[in-house]
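Biologist: I would like to go through the helix packing and the ligand shell, with the reasoning behind each label. Please start with what counts as being close to the ligand.

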Amino acid sequence: MRLQDEVAIITGGGSGMGRAGAVRFAKEGAAVVIVDLNLEAAQETAELVEAEGGKAVAVSADISTLEGNQAAVSAAVEAFGKLSIFWANAGIADVVGPLADASEERFKLMNAVNVFGPWNGARAAMPELAKAKGSFLITASLSGLKARPGSAAYSATKAAAVHLVRMLAVEFAPDVRVNGIDPVATETPMQAVFNPGAREAEAKPKIVAGIPLGRLATPDDIANAALFLSSREASMITGHNLVVDGGALC
Ligand SMILES: NC(=O)c1ccc[n+]([C@@H]2O[C@H](COP(=O)([O-])OP(=O)(O)OC[C@H]3O[C@@H](n4cnc5c(N)ncnc54)[C@H](O)[C@@H]3O)[C@@H](O)[C@H]2O)c1
């Protein structure tokens, strides 16, 4: 098993990529701490993990704060004795649309979750991760690398996350590896945030047209990438942003 004896925190583990990752990591031997604002959703993920024979704890916390991340780290150490993997995956998005319609309040909130979230996650988790010679992973986005109209605020937060990966990687080497994942549009509930209501179905063929492999990513595609980067197989990889985009950036 590829994560035997590892203890992993996954933020945003109540939905989408984080839920897929929790199940995948547990199948590979990790004990998982599933962190989400939505406790019920985190508990559902924990049940999915346990149904597969894995070990899981659900924690309700707001990961935009230092306190929320510290609570998650304490829960991991209390339940499983250590922390060796932290996947800062929770994020929020915004409706794709013109700058004139954008909300400053929403930009501030996205900044709090998408940038302060992983930054506070690192502040809370690095001491434990250093003891375990562990891995810190951030879900950024292809939007942080590739420009397209209508998504300036969300994309700016993700560009910050892309560079945060590199900054943390050099600061915490050689003790903790730090990497990022940059997914293309992925089949999760977040699609309905970018394009609400009937727009979701209308937007999909246009998004797919820009992806050479001809489909959106699945949560399992992202979980597989997260598994590799978090495992000891990636022990010479740090400061890397792994694009999982079906060729969209080519
Ligand atoms: N879905 C996509 O197309 C896509 C593409 C690229 C990157 N991403 C990024 O991938 C990550 C995972 O997204 P997803 O698509 O699985 O989204 P999702 O909406 O399915 O899940 C996100 C989870 O994060 C939780 N969350 C939100 N704010 C939180 C907070 N302050 N504290 C704790 N939990 C919080 C939510 O409750 C939810 O369960 C995000 O960072 C997102 O920006 C998504």
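Modeller: A residue is near a molecule if its C-beta atom, placed from the backbone, lies within 6 Å of it. This is a predicted model. Of the 29 residues around the ligand, G12, S15, G16, G91 and T188 come nearest.

Biologist: Which helix gives the largest share of the shell around the ligand?

Modeller: Helix 1 (residues 16-27) does, with three residues. By class, the shell holds 12 nonpolar, 15 polar and two charged residues.

Biologist: Why are helix 1 and helix 8 called oblique to each other?

Modeller: Their axes cross at roughly 55° and come within 8 Å, helix 8 being residues 219-230. Roughly parallel needs an angle under 35 degrees, and roughly perpendicular one of 65 to 115. Helix 1 and helix 8 are therefore oblique. The crossing is right-handed. On the helix 1 side, the contact includes G16, M17 and R19; on the helix 8 side, P219, D220 and I222 are among the residues involved. The contact of helix 1 with helix 8 has eight nonpolar, three polar and three charged residues.

Biologist: What makes helix 4 and helix 5 roughly parallel?

Modeller: Helix 4 (residues 104-132) and helix 5 (residues 152-172) pack at about 15°, with axes 9 Å apart. Angles under 35 degrees count as roughly parallel, and the label for helix 4 and helix 5 therefore follows. Their crossing is right-handed.

Biologist: Which residues meet there, and of what class?

Modeller: Among them, F107, M110 and W119 in helix 4 meet residues of helix 5 that include Y154, L164 and F172. The contact of helix 4 with helix 5 divides into 14 nonpolar, three polar and two charged residues.

Note on methods:
Residues numbered from 1 in each chain as written. Predicted model: local features only at pLDDT ≥ 70, side-chain atom pairs only at ≥ 80, totals over all residues. Axes fitted to C-alpha atoms, helices over the stretch in contact; angles between N-to-C directions. Helix = DSSP H or I, 4+ residues; strand = E, 2+ residues; numbered from the N terminus. Parallel < 35°, antiparallel > 145°, perpendicular 65-115°, else oblique. Left-handed = near helix turned anticlockwise from the far one by under 90°. Contact = placed C-beta atoms within 7 Å. Nonpolar A, V, L, I, M, F, W, Y, C, P; charged D, E, K, R; others polar.
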